[in-house]
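Trainee: I would like a close look at one part of this model, the helices of the first chain. Please set out how they are shaped and packed, and then place them beside the other chain.

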Amino acid sequence: MIETMLVLFAPILGGFVYGLERITRARMQSRIGPPLLQPFYDFFKLMDKRPMMVHSLHALMGIMYFVAEWFAFAVLIFGNDLLIAVFFHVLAVLALVIGASSVRSAYSVLGALRELMHMISYEPIMVLLTIGFFLLTNSFNYRDILNYEGYPVLELPLVFFAFILTIPMMLQKSPFDVAEAHQEIIGGPEIEYSGPFYEAVYTAKWIEYIYVFFFVFLFGGSHYWLGILLVIFTFIFINLLDNSTARLDFRKMVKFSWVFLIPLITLNLVLIALWR
Amino acid sequence: MGFFSKFRKKSPWILHYNTGGCNGCDIEILASLAPKYDIERFGALNRGNPKQADILLVTGPVTKNCKDVLRRLYLEMPEPKVVVAMGACGHGGGVFRHLYHVENGVDNIIPVDVWIPGCAPRPEALIDGIVEAIEIWEKKSKEKEYPRNYDEEMRKNLGVDDD
């Protein structure tokens, strides 16, 4: 029952997380910030705009991004398989990339290429993360992980450390917001969307928040209080990192991921495999 | 006026474009985003993208070079939209009036809804102007709006047919 509710209300829950994030970001810059419901006000306002599309495939891919992102989260919850959910997430981001590279705008195409660089950076880490959970529980089912008696965050500390540094790549935060660089290529893949079609892309980002923080929650194992603490810690850490760092080059992002994070995770997995 | 029109005033997204002014107005615009005035309290964001913006905030006396850019930005914004001209230059050219390279104000190129006087206007005046722009914006419909003297010739020159 609670699973169905979580999947059905994922966009609404994600909207609250995004609203909370905007307030947190404002408070960190000693501003007051928008109200908590601000993302929903934006949502309703965008609903009222005149629909303008570049061409139909572009608009369709924007909506596909939203639908596929929601579907990836549903697969994560109902499909009982973390690995398949990770692959469905790839499909969702791919819809955005196809849409963005189908228009003539140089910023959009540049953003699509950078989005692919994002995928190269974070997808191996996601796959290795699920393998880490598999080594602990012998299952790709998230229910087995939530029934696991030990503390996954203590047994996979390097994986957790690498994962919280990967979240800025997945959620488009500084220092790794190269695809959505707002001052540089003004939104990247989402630049050509407007009105109701932009709304789909905007809402898909909210589901991405829920998707990512669900993975963080899994690190608590059967200790739900630990999972909630980890989610709160990660949320604050990500915002702190977002506010205090400048954007890096995409080469540095890929290099950081492949030279530093992936060997770190692999080391942790090898140690766990030897110890078991 | 449907259900969703009530939420317009809660999230005005601003597109800011300088058409060759002295940057005094632009500094005031950025000041109103900074902690002291913080217009994000009211949901206003400075978007750099015409396709997602609602309020076009123009400063400067439209020079001949950026005349067409201003028209394109106006055409790319989805309706309902409002235009706010900020500062003395935007009204009639200001100190640049009747020079060889200016168009003497924003209203000769695109229809302006709200004027914010001053050189440069204070952030309070800017926020006041935005509030008035929102009142006008709430009454607007989704009908297509065009720049001044819009015809087939201009359509061809701007290249909007190819998009």
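Mentor: Asn138(A) takes a positive phi of about 60°, just after helix α6(A). The model is a predicted one. The helix that precedes Asn138(A) is α6(A), residues 106-137. At 1.5 Å a residue, its 32 residues should span 46 Å, and the C-alpha atoms at the ends of α6(A) are 47 Å apart, which agrees. Within α6(A) there is nevertheless a kink of about 30° at Tyr122(A). The proline Pro124(A) follows shortly after that kink.

Next, the packing around helix α2(A), residues 10-28. The axis of α2(A) comes within 7 Å of the axis of helix α10(A), residues 196-218, and the two cross at roughly 85°. The two helices are therefore roughly perpendicular to each other. On the α2(A) side, the residues that meet α10(A) are Ala10(A), Pro11(A), Leu13(A), Gly14(A), Gly15(A), Val17(A) and Tyr18(A). On the α10(A) side they are Thr203(A), Trp206(A), Ile207(A), Tyr209(A) and Ile210(A). Sorted by class, this contact has 9 nonpolar and 3 polar residues, and no charged ones.

Helix α2(A) also packs against helix α3(A), residues 38-47, at an angle of about 115° with the axes 7 Å apart. Here Gly15(A), Tyr18(A), Gly19(A) and Arg22(A) of α2(A) make the contact with Gln38(A), Pro39(A) and Phe40(A) of α3(A). By class, the contact of α2(A) with α3(A) has 3 nonpolar, 3 polar and 1 charged residues. Gly15(A) and Tyr18(A) take part in the contact with α10(A) and also in the contact with α3(A).

Now the other chain. In contact with 27 residues of chain A are 19 residues of chain B. The chain B side of this interface has 9 charged, 6 polar and 4 nonpolar residues.

Chain B itself has an open sheet of 5 strands in the order β2-β1-β3-β4-β5, with parallel pairing. Its edge strands, β2(B) (45-46) and β5(B) (114-116), each pair on one side only. Inside the sheet, β3(B) (residues 55-59) and β4(B) (residues 82-86) pair in the parallel sense over 5 bridges. Leu56(B) has Val83(B) in β4(B) as its bridge partner. Helix α1(B), residues 24-33, lies across β1, β2, β3 and β4 of chain B and runs at about 140° to β3(B). Helix α4(B), residues 123-139, lies across β3, β4 and β5 of chain B, at about 175° to β5(B).

Terms used. Residues numbered from 1 in each chain as written. Chains lettered and ligands numbered in written order. Predicted model: local features only at pLDDT ≥ 70, side-chain atom pairs only at ≥ 80, totals over all residues. Contact = placed C-beta atoms within 7 Å. Nonpolar A, V, L, I, M, F, W, Y, C, P; charged D, E, K, R; others polar. Axes fitted to C-alpha atoms, helices over the stretch in contact; angles between N-to-C directions. Helix = DSSP H or I, 4+ residues; strand = E, 2+ residues; numbered from the N terminus. Parallel < 35°, antiparallel > 145°, perpendicular 65-115°, else oblique. Expected span 1.5 Å × (residues − 1). Bend = angle between axes of the 7 residues up to and from the residue. Pairing = 2+ DSSP bridges.
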